[in-house]
Amino acid sequence: MSDRKATRYFDKSTSLVRDTFSQFEQQYARPAYSNMHVYFRERPITSTFVTVFTLLSLIPVAFFAGIASFIFATFTLAALFLAVAASSIVILACFAFLLCVLIGAFLLSLFLTGAALSSYALVRLAHHVQREGPSAGVSEWKKETKSAFMRSRPTTQDAADQGKKEPVLTIKPKDEYENEDGDQEGLPASLYEVDDQSDMTLRKEDEEDEEDVKGKGNMDARDFATDIKDEEDGEMRRAHQ
C-alpha cells in the first residue's frame with residue numbers, strides 16, 4: 001500500500017512538473033524562439049552582434065554588480081563605525097567638560113560656604129566683644145561657636161540616655177484581673193490579696209493627707225483670727241490713748 005501511494009504521489013508530481021514546463025514552453029519559450037529565428041533571418045548581422053555582446057557582457061556586469069555591492073557595504077560599515085567613534089569622542093569630551101564644571105562648582109561651593117561661616121563668626125565675635133568686653137566676649141563667642149558646631153553631633157552619653165527608659169510599675173486592681181479573658185484561672189489568689197492591701201494602703205494615705213490638709217487649714221484660720229484680734233486690740237488701745 002505504501003509503495004502504491006508513493007508511486008501515485010510521484011506520478012502526480014511528475015505530471016504537474018511536465019504540465020508546468022509544457023505551459024512555459026508553449027507560452028514563452030516557443031514564441032521567443034520563433035521571434036528570434038525570424039529576427040535572425042531578417043537581420044543576421046545585428047542579431048549576431050547582439051548575441052555576442054550579451055554573452056561577453058554577462059561576466060563584466062556580474063563582476064561590476066559584486067564590486068559595487070562590496071564597496072557599498074564597506075563604505076556603509078566604515079561610515080557607521082566612524083560615526084560611532086566620532087560621536088563617542090564628542091560625548092567623552094562633553095563629559096570631561098561637565099566633570100570639570102562640577103569640580104569647579106564643588107570647590108566654589110566650599111569656598112563660599114567657608115567665607116560665609118567665617119563672616120558670620122567674625123560678626124558674632126564683634127557683637128560679643130562690643131556688648132560684653134574683649135575677654136568675656138571672646139569666651140562667650142567660643143562657647144557659642146562650639147555649641148553651634150557640635151549641635152548636630154549628639155554624644156554617646158546623650159544617645160544612651162535617650163535609649164534608656166525608666167521601668168514603670170503598674171498595679172492592676174482585682175476587677176481588671178477578673179474581666180480579662182482567659183487569664184482569670186492562671187492568676188494566683190495572693191495577687192488579689194496584694195492588690196487589696198495596696199488599695200487599703202493608698203486609701204489610708206489619702207485619708208491622712210486630707211486630715212493634714214484640714215489641720216493645716218484650721219491652724220491657718222486660727223492664726224488669721226488671732227492676727228485680726230491683735231490688730232483690733234491695738235487699734236482700741238491707740239483710740240483710748
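**Close-ups of an all-helix chain**

**Figure 1. The two stretches that UniProt marks as "transmembrane region".** The unreviewed UniProt entry puts this feature at residues 49–73 and again at residues 79–112. What we're looking at here is a predicted model, so the spans below are computed on it. Take residues 49–73: the span is 100% helix and 0% strand, and its end C-alpha atoms sit 36 Å apart. Residues 79–112 come out at 100% helix and 0% strand too, with 49 Å between the end C-alpha atoms. Both numbers are for the model, while the feature itself comes from the UniProt record.

**Figure 2. The whole chain, for orientation.** Six helices and zero strands make up the count for this chain. Read along the sequence, that gives α-α-α-α-α-α. How much of the chain counts as buried? Just 5% of the 241 residues do. As for contacts between residues at least 6 apart in sequence, 9% of them join residues at least 24 apart.

**Figure 3. The tilted ring pair in helix H1.** The chain has two aromatic pairs. In this one, the ring centres of Phe24 and Tyr28 are 5.6 Å apart and the planes meet at 35°, so the pair is tilted: stacked would need planes under 30 degrees apart, and edge-to-face over 60. Phe24 and Tyr28 are four residues apart in helix H1 (residues 2–42), which means about one helical turn separates them. Phe24 has a relative accessible area of 48%, so it is partly exposed. Tyr28, at 52%, is exposed, because the cut-off for exposed is over 50%.

**Figure 4. The stacked ring pair in helix H2.** Here the rings of Phe49 and Phe53 have centres 6.1 Å apart and planes at 15°, so this pair counts as stacked. Once again it's about one helical turn from one ring to the other, because Phe49 and Phe53 are four residues apart in helix H2. Are these two rings' residues buried or exposed? Phe49 is exposed, with a relative accessible area of 59%, and Phe53 counts as exposed at 53%.

**Figure 5. His128, a buried residue of helix H2.** His128 belongs to helix H2. Its relative accessibility is 3%, so His128 counts as buried, the cut-off being under 20%. Which residues does His128 touch, leaving aside those up to four places away in sequence? They are Gly133, Gly137, Glu140, Trp141 and Glu144. For Glu140, twelve residues along the chain from His128, the separation between the two C-alpha atoms is 7.1 Å.

**Figure 6. The largest pocket, with helices H2 and H3 in its lining.** This pocket has a volume of about 200 Å³. Eleven residues line it, and those lying nearest its centre are Tyr120, Glu144, Thr145, Ala148 and Phe149. Glu144 should look familiar: it's one of the residues that His128 touches. Where does the lining come from? Helix H2 (44–132) and helix H3 (134–150) each supply at least two residues. The largest share, six residues, comes from H3. Sorted by class, the lining has six nonpolar, two polar and three charged residues.

How values were computed:
Residues numbered from 1 in each chain as written. Predicted model: local features only at pLDDT ≥ 70, side-chain atom pairs only at ≥ 80, totals over all residues. Heavy atoms only, no water. 1 Å grid on protein atoms, 1.4 Å probe; cavity = no way out; pocket = protein on both sides within 12 Å on 5 of 7 lines; lining within 4 Å. Points joined across faces, edges and corners; volume = space filled by probe spheres on them. Nonpolar A, V, L, I, M, F, W, Y, C, P; charged D, E, K, R; others polar. UniProt positions renumbered as here; feature names shortened; annotations may be inferred. Phe/Tyr/Trp six-rings, centres within 6.5 Å; stacked < 30°, edge-to-face > 60°. Buried < 20%, exposed > 50% of the residue type's maximum accessible area, 1.4 Å probe, protein only. Contact = heavy atoms within 4.5 Å.
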